[in-house]
Amino acid sequence: MPISQQTYLNLPPELYQLQEPQPVSDPKMVIWNHSLGEEWGLGEDVALFAGNAVPASLTPLAQAYAGHQFGHFTMLGDGRAVLLGEAEKGGGERVDVQLKGSGRTRYSRGGDGRAALEPMLREYLISEAMHALGIPTTRSLCVVSTGEKVYREEVLPGAILTRLASSHLRVGTFEFAAGFRPPEELSALLRYAMDRHDPACETGADFFQGVIDRQASLVAKWMAVGFVHGVMNTDNVAISGETIDYGPCAFMDRYDPETVFSSIDQQGRYAYGNQPQITHWNLAVLASALLPLFDEEEEAAEAIARECLDRFPQIFRAVWQKEMNEKLGLSSLQVGDDQLVGDLLNRMHEGQMDYTNTFRDLHPEHPLTGLEDWHQEWVKRLAGEEGVMGRMQAHNPAVIPRNQQVEAALHAAGEGEMSHFHSLLDLLKDPYNRKQDFGELAVTPPKDAPAYKTFCGT
Ligand code: AMP
Ligand code: MG
């Protein structure tokens, strides 16, 4: 059996609930990720990934966690997911195998524990697109339709997504564990997280610094490709630094830092341009949870937390600037580069230019309309650089998941027609290939197109 019992069972039982997935009536494999299955030695098994046939060697569980949702603390937990077990590769690399949409758990609150087909396919598509873009993310192994209906605003076909994650530990998992005194659950969780993600770490502060580095790098990468996560609640922030929980996320078309897609984010808390600041805020929540493990003395613990947190803006800035410089073909950082990047973004904003296509089309020999004077500055800065075009092509995708095409493919899939979904997925697997004809997918929507909105669609 390539899936083994999860190590999470070694943690104090307050942190989870044993929970079998609830069987479904008529499971069918809608999409199976062949290369990912091969990578982890997992075979296409409908009954297993529907939750209908769990081997006796496995002990599925739902994880407990809390979280700050739009700034407010809430008790949560896997309300519609179970950890089936873990898969391992040569070299000891390990992933959690989780079913999402597998039925009610102790943490379901009012929910039915189920998921609808389109949102699960959406997670599959966008997570695989993110992976192809080179951004750390949970992966999608398969989507199985259940043959059952789920009741939302309308009646929808049900489905279960199997995802692989280097772990499902969230900032919110630590917030939950921090609720116990003395902090035994919390220290057990910290030890577990260190073993899994940072075996070289010796102290809670080292571990926290590692999380800060990973999150800074992740959000810088999101910013570089115009990704808007949409619901950066602390329960949706993975300690591993992988993008997790694809709900209302989407990619920005025309550059605007205030871009918000989620229909429930009315204040724009999770707008594109706020993402670094929100990450900093989420890390402060993690710091408060970890405080008792930094030092027994409260003041000393707070000083450690502050010192680590205060480094975040600088760390983020450095990674972001490097990402942006590479998009401009620059191999190193120099004084004045932030101005060059800032000027470009301002012009893109004023001119309502498409973020992806502008970077894609930059060329030292051909100034783009509206960027003529900026172009001169850029070309001056390029003097003496080698490998400019190669660097630019490796950092500026020719294509991103465009919202209209994603919607159309999901809609067709909802009606049982998967061919659009497959062709879209194929194109998104090779986003840096300039030789590919991406057709409509490479086109900016017209300026007067209605604003695109996403729904959590749970
Ligand atoms: P999300 O918005 O997907 O991050 O979910 C927030 C919380 O709601 C998590 O604890 C989920 O497990 C839970 N949840 C979302 N949808 C459902 C559902 N249909 N049934 C039960 N719990 C759910
Ligand atoms: Mg979530």
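## Cysteines

The structure, a predicted model, holds 0 disulfides. A disulfide requires two cysteine sulfur atoms within 2.5 Å. The closest cysteine sulfur to that of C142 belongs to C249 and lies 19 Å away, so the two are too far apart for a bond.

Are these two cysteines buried or exposed? C142 is buried, at a relative accessible area of 0%. C249 is likewise buried, and its relative accessibility is 0%.

## Magnesium site

Ligand 2 is a magnesium ion, and its protein donors are N236, through OD1, and D245, through OD. These donors lie 2.0 to 2.2 Å from the ion.

Both donor residues count as buried: N236 has a relative accessibility of 11%, and D245 has a relative accessible area of 13%. Water is not among the atoms, so the site may look incomplete.

## Helix α13

Helix α13 covers residues 403-414, which makes 12 residues. At 1.5 Å a residue the helix should span 16 Å, and its end C-alpha atoms are indeed 16 Å apart. Just after the helix, G416 has a positive phi of about 95°.

Which residues of α13 are buried? They are N403, Q405, V406, A409, L410, A412 and A413. In an α-helix there are 3.6 residues a turn, so residues three or four places apart point the same way. Among the elements that cover the buried residues of α13 are two helices, α3 (117-133) and α14 (419-428), and the strand β13 (250-251).

Note on methods:
Residues numbered from 1 in each chain as written. Chains lettered and ligands numbered in written order. Predicted model: local features only at pLDDT ≥ 70, side-chain atom pairs only at ≥ 80, totals over all residues. Heavy atoms only, no water. Buried < 20%, exposed > 50% of the residue type's maximum accessible area, 1.4 Å probe, protein only. Donors = N, O, S within 2.8 Å, 3.2 Å for Na, K, Ca; no water. Helix = DSSP H or I, 4+ residues; strand = E, 2+ residues; numbered from the N terminus. Expected span 1.5 Å × (residues − 1). Contact = heavy atoms within 4.5 Å.
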